[in-house]
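Trainee: I should like to work through this model with you, one question at a time. Please give your reasoning before each result.

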Amino acid sequence: MSTQTAVAPVPAPMDTVSAAASAAPVITGIGVAAPNGLGTEAWWGAVLRGESGIRPLTRFDVAQYPAKLAGEVPGFDPARHLPGRLLPQTDQVTRLALTAADEALADAGVDPAELPDYAAGVITASSAGGYEFGQRELQALWSKGGQYVSAYQSFAWFYAVNSGQISIKNGMRGPNSVLVSEQAGGLDAVAQARRQLRKGIRLVVTGGMDSSLCPWGWAAHLASGELSTSEDPERAYLPFSEEAGGHVVGEGGALLVLEDAAAARERGARPYGEVAGYAATFDPPPGSGGAPRLRDAAALALREAGLAPADVDVVFADAAGRREADRAEAEALTELFGAYGVPVTAPKTMTGRLAAGGASLDLAAALLSLRDGVIPPTVHTGPAAADCPVDLVTEVRRPGRLRTALVLARGRGGFNAAMVVRGR
């Protein structure tokens, strides 16, 4: 590793709690729904093989749209995973979230029914809510009339519906909330869950999940001007490349069981790792002349974890796939670690950007990387461009002795989040 660049002083975050004041919470369960695999092991196996889930979109006819590729969760039949009573009242995103939550709880070996009342909560992130459900009901309203609109529309579209449905299905009556900060939400939700553990809650199902692959959602994605219009799945999403021209949208994400370390130890759980540090910052308004603050978020997260940049073994990058944004992230990494100073990876090139689900899926990947001692690849792209001096991992399964990972995320509108996880 090259000589480290000194980290400039940054303000301490208001919610920082020292390691002495609170033991780091642990992640004991993972549930995944991703475009290259439904279920944690199926997805992780595909990631380590470098298998992409980006393909021509099939959910609706995209012939009239400039962007035609997406990451769709393969082989998902909600009737196989959920009670029939839930199907009429849920959107695709909520069905994916319920399925991932069930997997995460089973993986953690937790039955919420056996916990005391109010001991477990649900805090998730969502960027769009039940967009496809909402579109369908609006179509019914305008083509047939209000009497044809489902009563479930009152909540099925809402950002918080994933948290609500997970808590109801599993009888989890503790804190329940939703974070809306786009791609950064997958980390922000875990941080909010951590705050609840510090207040005495034993366990929280947390993370992010999104799905808006419908004409209404597609129009919103296109309005951002950030989608790739390439029709080649291997050339459409190329973060840190000179040929980067936007990103591909995907659906899915990961839900995690975040648990008080003492409670997990008491019941004999085997954690994947601990959340050692977190910070969030917000970029200054466009045109103000202020610098982006992703680097500050990373530095603050490391400070809270009591770590130096040299302690980080791998960075899971936000990887916007746009030249300006990629350069800004590369600059932040260079300021912290030096040019080519730490391995950097972006396995989201196999899924597309999943909005709120993206960062939590990266967090799951980071934990499994620490467990297995391997860094997953950034596929379909070569070494970083000259103006992005990062050690981009492109080969499949780069092995290494990994102890600490830094996960970065940026949400549309100026949100930045950084989380440090350590192996157990």
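**Strands, cores and pocket**

Mentor: Let us begin with one pairing: Ala-120 has Leu-203 of strand 7 as its bridge partner. The model is predicted, and its mean pLDDT is 92, with 95% of the residues at 70 or more.

Trainee: Over which residues does pLDDT stay under 50?

Mentor: Where pLDDT is low, the predicted coordinates should not be read in detail. That caution concerns a segment for which the model has 46 contacts beyond four places in sequence. The segment with pLDDT under 50 is residues 1-21.

Trainee: In which sense do strand 5 and strand 7 pair?

Mentor: Strands of a sheet pair through backbone hydrogen bonds, either parallel or antiparallel. Strand 5 covers residues 120-125 and strand 7 covers residues 203-210, with six bridges between them. Strand 5 is also joined to strand 6 (residues 176-179) by four bridges, and there Thr-124 has Val-178 as its partner. For strand 5 and strand 7, the sense is parallel.

Trainee: How many residues of strand 5 are buried?

Mentor: Consider the two faces in turn. On one side Ala-120, Val-122 and Thr-124 are buried, and on the other Gly-121, Ile-123 and Ala-125 are buried as well. The count for strand 5 is six of six.

Trainee: Which residue of strand 9 stands opposite Asp-210?

Mentor: Strand 7 and strand 9 pair in the antiparallel sense over eight bridges. Strand 9 (residues 252-259) has eight of its eight residues buried. Strand 1 (residues 26-34) also pairs with strand 9, antiparallel over seven bridges, where Gly-31 is matched with Leu-255. Opposite Asp-210 stands Gly-252.

Trainee: Why is one side of strand 3 and of strand 8 left without a neighbour in the sheet?

Mentor: The open sheet has three strands in the order 3-4-8, with mixed pairing. Strand 3 (54-56) and strand 8 (249-250) stand at its edges, so one side of each lacks a neighbour there, and each has a single partner strand.

Trainee: Which residue of strand 4 is the bridge partner of Arg-55?

Mentor: Strand 3 and strand 4 (residues 69-71) pair in the antiparallel sense over three bridges. Within strand 4, the partner of Arg-55 is Ala-70.

Trainee: Which helix gives the most to the largest nonpolar core?

Mentor: This core has 50 residues, and Ile-30, Trp-43, Leu-363, Met-419 and Val-421 have the most contacts inside it. Ten of the core's residues come from one helix, residues 356-372, namely helix 12.

Trainee: How many residues has the other core, which lies apart from it?

Mentor: Among its members are Phe-240, Ala-297, Ala-298 and Phe-337. The size of this other core is 36 residues.

Trainee: Is Gln-153 buried or exposed?

Mentor: Gln-153 lies in helix 5 (residues 153-156). Leaving aside neighbours within four places in sequence, Gln-153 is in contact with Phe-133, Gly-134 and Glu-137. Its relative accessible area is 18%, and the cut-off for a buried residue is under 20%. Gln-153 is therefore buried.

Trainee: Which element gives the largest share of the lining of the largest pocket?

Mentor: The pocket holds about 1,200 Å³ of space. Its lining has 49 residues, with Arg-322, Gly-411, Arg-412, Gly-413 and Gly-414 nearest the centre. The elements giving two or more residues include helix 8 (215-223), helix 10 (294-305) and helix 11 (323-337). The largest share, seven residues, comes from helix 11.

Methods. Residues numbered from 1 in each chain as written. Predicted model: local features only at pLDDT ≥ 70, side-chain atom pairs only at ≥ 80, totals over all residues. Heavy atoms only, no water. pLDDT = per-residue confidence, 0-100. Contact = heavy atoms within 4.5 Å. Core = buried A, V, L, I, M, F, W, Y, C linked by side-chain atoms within 4.5 Å. Buried < 20%, exposed > 50% of the residue type's maximum accessible area, 1.4 Å probe, protein only. Pairing = 2+ DSSP bridges. 1 Å grid on protein atoms, 1.4 Å probe; cavity = no way out; pocket = protein on both sides within 12 Å on 5 of 7 lines; lining within 4 Å. Points joined across faces, edges and corners; volume = space filled by probe spheres on them.
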